There are 2 protein chains.
Amino acid sequence: MTADQMRGLENIEGLIWQENGQSVLNGEALALYLQLDQMFSNWASTWKAESWKLPIFISAKELAKLDYFHSFPHLVTMPVTLDCSDENLNAFTAGQPIDASGVVNLTNLSPVQDVLTPAACYHFYVAHQSQNLLSPKYLTTCANCFRRETHYLPLQRQWSFSMREIVCIGSSDEVKHFLETWKNSLEHFFAKAKLDVQFENATDPFFNPSKNPKYLMQRLDPVKTEMIYKKSLAIGSINFHRSYFGEAFKITRDGEEAYSGCVAFGMERWLYAVLTSFGLTNLDLPQLQQKV
Amino acid sequence: MTADQMRGLENIEGLIWQENGQSVLNGEALALYLQLDQMFSNWASTWKAESWKLPIFISAKELAKLDYFHSFPHLVTMPVTLDCSDENLNAFTAGQPIDASGVVNLTNLSPVQDVLTPAACYHFYVAHQSQNLLSPKYLTTCANCFRRETHYLPLQRQWSFSMREIVCIGSSDEVKHFLETWKNSLEHFFAKAKLDVQFENATDPFFNPSKNPKYLMQRLDPVKTEMIYKKSLAIGSINFHRSYFGEAFKITRDGEEAYSGCVAFGMERWLYAVLTSFGLTNLDLPQLQQKV
């Protein structure tokens, strides 16, 4: 790793940065990571959110219902395997599986039907597909997410990272109340914690944004608010999806199209913000005051 | 899911099986999963094992040092992305990204330099590369692992699954003592817990085994002992690697080639064993008696 990449993290033991855009955590850095996730988990229980353990892969067919491949083809990472015929595997092993620069010499691949999860909450909408909810649903998970970027930075921009989400699926009013409550309580939290974080409207990182009507809609009527650390790094976001997922996955709330929204915390980015604000010692964050 | 696939798991709430060889856990099934992992984690602390959080990807260049691509090409899953030139991404989005059966219509791919982790402990040897250890090293992690199989079964055989490992890197005697201690204490544990598990010698699932000298060596001098549930499902294993990883990654113990060994617990398979033995209620497993 270069000194530049590790700026602000030089003296942090228990963080190993890898060239392939991922980090290893152990020791005090891992303890801090777990402490942060316990905090988010406690915050989620204020809403009695159900905790789920989600898969790493999501079916391409489901993601396509969100038009994901048109909107974010540059971010997609897919799990692929070699076609499993003996002939193909023999061809792979008979050659040089890896070249001198560490690139795999692929032979035929099996059909690709999955994607490495790009955002934790997508799984929730897939799992609630075609359901009619009689009350608002609150869900939470800490999931592995994957987004290919043009460059990576330790904890700040990783190919593979972890995201804690707390999600509400319900009526428009229920979702708005959920998101407003979060926004207010987080604003107080950042002030009391003396964490330099400001809320800013944002848009999703669409491919060819100027040609994408979804991007234009987000510009006209912001639905994404990011928690920006030190004016540069989004460590979390509050997202109002309107009825987008409800429509795509035919979820209803008392017979009407369901709305949804989520609060998302980038685990490694929070770790970065806390490490560069307070160092490794004595993390003592205030309580989140939240009236549900 | 078919009734046949779910045999023994019919009444288990909180388990959702997915066609792509993975499961979703929530509610009581997730609570039981976490209880099991807490138990393994407590077992690991008997050895004061350092806990690590590992990346999802492992570099192909490192895996190649283990001759992994020749030995297990049929199991390998790789993360791939589309070549990120505008021309290629435009070609991808201009066509039909997904066909009617849910298969992604790939355009050009970026060079593949990574693999989805096939076994948790590989990362430890990579991270200790070229180090000389002055005392034995005990490490533990619960990691996501990936192995492509010809068919999948809920909790029993998944494309993506979780593995808790406790690893020792040290001298031959230190590693042998570690593994023997585990074998003895686990034998007592299974008897007291009334879990139908027997230890059996096993070999790794090599490609073209009869042509692979590593397979022949394992047949002649067994180094892998599996914990077989109800005579059919390996829910864990005890592995003596001799100096295989020490040599491949130039790790020494007091100047001599390091030995290594690990105890591995398949998390979903343990969940399956416990669910089909005791159901969801009142898991009350005995203490593991282990003198280090």
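Hi everyone, this is a short walk through a predicted model with two chains, A and B.

Let me start with confidence. Chain A has a mean pLDDT of 94, and 98% of its residues reach 70 or more. For the model, the scores are ipTM 0.94 and pTM 0.95.

Now, how do the two copies sit relative to each other? In general, two copies of a chain are related by a rotation about an axis and a shift along it. Here, chain B superposes on chain A after a rotation of 180 degrees, with 0.0 Å of shift along the axis and an RMSD of 0.0 Å. The two copies are therefore related as by a two-fold rotation axis. If you want to find that axis on your screen, go to Pro79(B): in chain B, its C-alpha is the nearest to the axis, at 2.4 Å. Both copies use the same surface, since 100% of the contact residues of chain B recur in chain A.

Let's look at that contact. Chain A puts in 54 residues, and chain B puts in 54 residues. What is the side of chain B that touches chain A made of? There are 32 nonpolar residues, 17 polar ones and five charged ones.

Strands also pair across the two chains. Please find strand β3 of chain A, residues 50-53, and strand β2 of chain B, residues 22-26: they run antiparallel and are joined by two bridges. Which residue of β2(B) is the bridge partner of Trp52(A)? That would be Asn26(B).

Stay on β3(A) for a moment, as this strand has a partner within chain A too. Two bridges join β3(A) to β8(A), and this time the strands run parallel. Within that pairing, Ser51(A) stands opposite Thr140(A) of β8(A).

Moving along to β8(A) itself, this strand covers residues 137-146 and is mostly covered, with eight of its 10 residues buried. β8(A) also pairs with strand β9 of chain A, residues 160-170, in the antiparallel sense and over 10 bridges. One pair to look at there is Cys145(A), whose bridge partner in β9(A) is Phe161(A).

There is also an open sheet of three strands in chain A, ordered β7-β13-β14, with mixed pairing. Where are its edges? They are β7 (132-133) and β14 (256-257) of chain A, each of which pairs on one side only. Strand β13, residues 252-253 of chain A, runs antiparallel to β14(A), and two bridges join them. Thr252(A) has Glu257(A) as its bridge partner in β14(A).

Next, the nonpolar core. The largest one has 167 residues, and the members that touch the most others are Leu271(A) and Leu271(B). Which residues does Leu271(B) touch, not counting those up to four places away in sequence? Leu32(B), Tyr33(B), Leu36(B) and Leu155(B).

Finally, a stop on a helix. Ala31(A) lies in helix α1 of chain A, which spans residues 27-45. Is Ala31(A) exposed or partly exposed? Ala31(A) counts as partly exposed because it has 15 C-beta neighbours inside 10 Å; a residue needs 20 or more to be buried and 12 or fewer to be exposed. To place it against another part of the chain, take Ser237(A), 206 residues apart from Ala31(A) in sequence: their C-alpha atoms are separated by 24 Å.

That's my tour, and thanks for listening!

Note on methods
Residues are numbered from 1 along each chain as its sequence is written. Chains are lettered from A and ligands numbered from 1 in the order in which they are written. This is a predicted model: local features need pLDDT of at least 70, side-chain atom pairs count only at pLDDT 80 or more; totals for chains, interfaces and linings use all residues. Two residues are in contact if their C-beta atoms, placed from the backbone, lie within 7 Å. Ala, Val, Leu, Ile, Met, Phe, Trp, Tyr, Cys and Pro count as nonpolar, Asp, Glu, Lys and Arg as charged, and the others, Gly among them, as polar. Two strands pair if DSSP finds at least two bridges between them. Helices (H or I, at least four residues) and strands (E, at least two) are DSSP runs, numbered from the N terminus. Copies are superposed by least squares on the C-alpha atoms of residues with pLDDT of at least 70 in both. A nonpolar core is a set of buried Ala, Val, Leu, Ile, Met, Phe, Trp, Tyr and Cys residues joined through C-beta atoms within 7 Å. pLDDT is the predictor's confidence in each residue, from 0 to 100.
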